[in-house]
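Trainee: Could you take me through a close look at a single part of this protein chain, and show me how that part sits within the rest? I would like one connected account that I can follow with the structure open beside me.

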Amino acid sequence: MEDALRPYQLTPVFRMEDRRHVVYFIPAQPQPKPSSGRLNLILFILTLISVIYTGGAMSITQEPPSGFIPGLMAYLSAGWPFAVAILSIMGAHEFGHYLMGRYHNVHVSLPYFIPFPNVFGTLGAVINMKERVKNRRVLLDIGIAGPLSGLVVSLLVLGIGLSLSNLSTLPPAPPQLPSEGGFFQQFLERLTAPVTLTLEGNSILYLLMKYLRFGMLLPAPANYGGVPPVLYWIRYFFTASPLPYGGVDVSLHPVAWAGWGGLLITALNLIPAGTLDGGHLINVLIGRKRAMRLLPWIQGILLAMSLLSINWLIWLLLISWLGKAYAEPLDEITPLDPPRKALAVLGIIIFFLVFSPVPISGM
């Protein structure tokens with residue numbers, strides 16, 4: 001039908017309304033223009049510089065050599081393993097989307113990498129779908145290809161990084177703050193107190209990877225304080241407290257840090273809302289109306305988790321802004337076939353395996 005309508009500059013749109021198949025005819029969109037790739041290349045070079053500097057800053061423990069060229073070579077030498085690791089993860093994720101889009105003849109842009117001076121040296125990367133996809137099957141294929149590709153590379157990078165990492169003893173607990181003064185004064189004292197311990201969050205898959213490498217659940221506390229170990233780990237997994245002062249944890253090599261970041265990136269992309277990869281999965285799996293009914297619950301969960309980690313407040317605001325957006329395919333009638341339903345369910349399972357309730361904890 002689409003080919004027959006092309007001379008008339010019309011595109012058919014298939015919908016299910018009141019249990020009936022409905023076909024709308026909309027004006028055909030113009031053929032997307034190919035991208036020049038210039039902006040993609042510029043952003044990639046800037047991101048490469050940013051992640052090399054970030055990796056060098058993590059790896060250089062002494063004062064770098066004076067002078068521009070010696071200092072530059074020091075950062076290049078120390079920062080390239082982290083840069084290769086993190087860019088491999090992000091590249092695998094975005095090129096998973098890109099190659100699957102090209103496989104289905106969907107016009108998609110090359111990845112746009114985003115440089116940013118944070119703990120990873122980047123905010124990730126994005127691609128742009130320049131046209132609406134044919135049906136839900138195609139949308140699922142493109143949506144799931146990125147997280148699956150990124151996860152495989154993340155696990156490989158994390159495994160290599162953990163093999164380069166060692167166990168270390170965590171610092172003892174700092175002195176207790178004085179309890180004199182009113183609530184506001186105590187709040188200010190805690191707010192301005194120096195951070196003595198910062199730990200990366202745990203997901204089920206990350207805990208398993210550390211256990212396979214070191215034969216123990218990490219970070220291991222000095223003692224369980226009379227709490228049964230199972231209850232201790234359930235509490236620590238969801239709240240990241242109490243901090244295991246004086247215990248043992250892995251001192252992450254920069255490559256392992258990149259691998260942990262890859263798991264975090266996968267989890268964030270699989271949040272089942274909006275135009276995130278997880279949003280595509282949940283929409284094609286259970287339908288648009290049911291997915292929208294889940295949105296307030298997702299917002300409520302993020303609001304509750306923001307009490308444990310302020311980082312979730314940012315994602316709550318982002319999803320509240322973009323949560324109703326949807327990459328609506330032309331054909332909403334064609335159902336998912338059984339293999340793709342299983343693939344969508346796998347994506348949801350992966351989300352729970354890589355999700356960290358408290359991504360970063362510290363006091």
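Mentor: Before we begin, two residues are said to be in contact when heavy atoms of theirs lie within 4.5 Å. With that in hand, we can start from the whole chain, keeping in mind that this is a predicted model: among contacts with a separation of 6 or more, 73% join residues 24 or more positions apart. The protein chain has 12 helices and 8 strands, and its C-alpha trace spans about 75 × 50 × 40 Å along the principal axes. Of its 363 residues, 43% count as buried, while the accessible surface comes to about 20,100 Å², with 67% of that belonging to carbon and sulfur atoms.

The part I would choose for a close look is helix α8, which runs over residues 254–269. Its 16 residues reach 22 Å from the first C-alpha to the last, close to the 22 Å expected at 1.5 Å a residue. What makes this helix a good subject is its setting: 15 of the 16 residues of α8 are buried, so the helix is largely enclosed by the rest of the structure.

Let us look at one residue of that helix, tryptophan 260, through the ring it pairs with. A pair of aromatic rings is described by the distance of the centres and the angle of the planes. The model holds 14 aromatic pairs. In one of them, the rings of phenylalanine 120 and tryptophan 260 have centres 6.3 Å apart and planes at 25 degrees; planes under 30 degrees apart count as stacked, so this pair is stacked. The two partners come from distant parts of the chain, since phenylalanine 120 lies in the loop between β3 (112–115) and β4 (122–126), whereas tryptophan 260 belongs to helix α8, 140 residues apart. Buried means under 20% relative accessible area, and phenylalanine 120, with 11%, is therefore buried, as is tryptophan 260, with 2%.

For comparison, tryptophan 233 and tyrosine 236 form an edge-to-face pair, with 5.8 Å from centre to centre and 85 degrees between the planes. Here both partners lie in helix α7 (residues 229–239), 3 residues apart, which is about one turn of the helix, and both tryptophan 233 and tyrosine 236 are buried. Ring pairs also link these two with Tyr224 and Tyr232 into a cluster.

Returning to α8, we can approach this helix from another side, by way of serine 154, which is found in helix α4 (residues 136–163). Serine 154 has 0% relative accessibility and therefore counts as buried. Leaving aside its neighbours within four places in sequence, serine 154 is in contact with Ile89, Gly259, Gly262 and Leu263, and the numbering of α8 as residues 254–269 places the last three of these in that helix. Serine 163 is also in helix α4, but at 43% relative accessibility serine 163 counts as partly exposed. The C-alpha atoms of serine 163 and leucine 252 are 9.7 Å apart in space, although the two residues are 89 residues apart in sequence.

It helps to set these helices beside the nonpolar core. In soluble globular proteins, nonpolar side chains tend to be buried together. The largest nonpolar core has 66 residues, and Ile86, Ile271 and Trp312 touch the most other members; the largest share of this core, 10 residues, comes from α4. Not counting residues up to four places away in sequence, tryptophan 312 touches a set of residues including Leu268, Ile271, Leu302 and Met305. Apart from this core lies another, of 9 residues, among them Leu170, Leu207, Phe237 and Leu243.

Two of the residues touched by tryptophan 312, Leu302 and Met305, lead us to helix α10, where both are buried, together with Ala291, Leu295 and Ile298. The buried residues of α10 pack against α9 (277–286) and α11 (311–322). The 18 residues of α10 (residues 288–305) should span 26 Å at 1.5 Å a residue, and the end C-alpha atoms are 25 Å apart, which agrees. Even so, a kink of about 25 degrees lies at leucine 295, shortly before proline 296.

Methods: Residues are numbered from 1 along each chain as its sequence is written. This is a predicted model: local features need pLDDT of at least 70, side-chain atom pairs count only at pLDDT 80 or more; totals for chains, interfaces and linings use all residues. Side-chain values use heavy atoms; hydrogens and water are left out. Helices (H or I, at least four residues) and strands (E, at least two) are DSSP runs, numbered from the N terminus. The expected span of a helix is 1.5 Å times one less than its number of residues. Buried means under 20% relative accessible area, exposed over 50%, partly exposed in between (1.4 Å probe, protein chains only). Rings of Phe, Tyr and Trp (its six-membered ring) pair if their centres lie within 6.5 Å; planes under 30 degrees apart count as stacked, over 60 as edge-to-face and the rest as tilted. A nonpolar core is a set of buried Ala, Val, Leu, Ile, Met, Phe, Trp, Tyr and Cys residues joined through side-chain atoms within 4.5 Å. Accessible areas come from the Shrake-Rupley method with a 1.4 Å probe; for residues, only the protein chains shown count as cover. The bend at a residue is the angle between axes fitted to the seven residues ending there and the seven starting there.
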